[in-house]
Amino acid sequence: MHVVYPVVLSALLFSIGVYGVLARRNAILVMLSIELMLNAVNLNLVAFDIWAGDRLHSGQALALFVIVIAAAEVGLGLAIVLAVFRTRKTIDVDRLRALSERERADDDAEART
Amino acid sequence: MTPGLWPPSGPEIVFLLLGLVALGSGVLVVTTKRLVHAALWLVVCFGALAGCYLVLTAEFVAWVQVLIYAGAVVVLLLFGIMLTRAPTGRSEELDSGNWWAAALVALATAGVLVTVVISGFRDAYAPLEPGRGSAGEIGAGIFRTWVLPFEVLSLLLLAALIGAIVISRTDITGRR
């Protein structure tokens with residue numbers, strides 16, 4: 001198996017994930033795209049582990065650890081998304097602008113007048 | 001003497017087909033107008049990637065991928081979709097206004113990564129022998145060489161679980 005095939009597939013999947021993170025508005029769709037990126041990284045790790053014939057299986061072990069960390073991250077990320085939904089009734093990331101500096105400056109200008 | 005890129009061998013053909021499925025479903029995940037379909041296309045993508053791992057002889061990683069990613073992570077995300085009252089039909093509001101900038105960034109990323117990778121690994125060849133990724137070998141490796149990160153990861157899972165519970169509790173409020 002030429003290593004080019006899994007590695008190019010991983011690079012393309014990663015770019016698709018980058019597009020998803022930047023273009024999607026729903027917070028859960030952003031998390032779906034982050035999972036795509038993590039899967040691309042896993043494919044890369046496994047491909048290089050098989051190519052290098054690592055006796056310690058470091059690539060495959062690290063891929064397993066990435067899967068575990070991604071599962072923990074999804075659980076925690078969903079808890080945060082649900083907390084945001086509970087208080088703001090929306091998880092549209094384009095509309096969650098309470099921490100934006102420009103809006104705070106506008107609010108301060110309004111409060112002063 | 002590494003074999004040339006053409007004609008592709010049997011495992012390479014299977015890998016290319018699975019890779020096409022993974023890419024197609026990945027594109028559908030980030031472009032579809034229905035939220036629930038995005039999660040379902042992600043299941044297809046995970047399944048295709050598990051097949052890719054099987055072709056690469058990493059069997060244990062493939063089954064863990066199906067078990068945890070397709071089985072648990074997607075279910076969690078579907079729960080999130082349900083609990084945030086997301087639109088279940090066709091919705092025009094899922095893409096941000098500057099999706100064209102995102103597409104440019106993604107194309108630039110793809111261009112840089114693919115050219116670098118092809119120029120670096122054009123001649124690399126990995127002979128595939130089954131058994132290198134079997135459960136016994138990976139298990140032996142994890143519980144001998146990687147046992148410390150494994151234990152730390154179980155602590156991390158515990159911390160994530162406790163953190164998720166604390167964030168979800170509605171009776172803990174901030175300081176007034």
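Begin by selecting helix H1 of chain B, where B:Pro11, B:Val14, B:Phe15, B:Leu18 and B:Val29 are among the residues that meet H2(B), and then add the H2(B) side, including B:Ala38, B:Trp41, B:Leu42, B:Cys52 and B:Val55; contact here means that C-beta atoms, placed from the backbone, lie within 7 Å. By class, this contact has 17 nonpolar, 4 polar and no charged residues, with Ala, Val, Leu, Ile, Met, Phe, Trp, Tyr, Cys and Pro counted as nonpolar, Asp, Glu, Lys and Arg as charged, and the others, Gly among them, as polar.

The model is a predicted one, in which local features need pLDDT of at least 70 and side-chain atom pairs pLDDT 80 or more, while totals for chains, interfaces and linings use all residues. Residues are numbered from 1 along each chain as its sequence is written, and chains are lettered from A and ligands numbered from 1 in the order in which they are written.

Now look along the pair: the axes of H1(B) (residues 10–31) and H2(B) (residues 35–55) come within 8 Å and cross at roughly 160°, and the two helices are therefore roughly antiparallel (an angle over 145 degrees).

Next select H6(B), residues 147–168, which is hardly covered, with a count of 1 buried residue among its 22 residues (buried means 20 or more other C-beta atoms within 10 Å of its own).

Finally, show both chains: their contact takes 60 residues from chain A and 76 residues from chain B. On the chain A side, H1 (4–23), H2 (27–52) and H3 (58–88) each supply at least two residues, and H3(A) gives the most, with 20 residues.

Conventions. Axes are lines fitted to C-alpha atoms, for helices over the stretch in contact, and angles run from 0 to 180 degrees between N-to-C directions. Helices (H or I, at least four residues) and strands (E, at least two) are DSSP runs, numbered from the N terminus. Angles under 35 degrees count as roughly parallel, over 145 as roughly antiparallel, 65 to 115 as roughly perpendicular and the rest as oblique. Two residues are in contact if their C-beta atoms, placed from the backbone, lie within 7 Å. The expected span of a helix is 1.5 Å times one less than its number of residues. A residue is buried if 20 or more other C-beta atoms lie within 10 Å of its own, exposed if 12 or fewer, and partly exposed in between; C-beta atoms are placed from the backbone.
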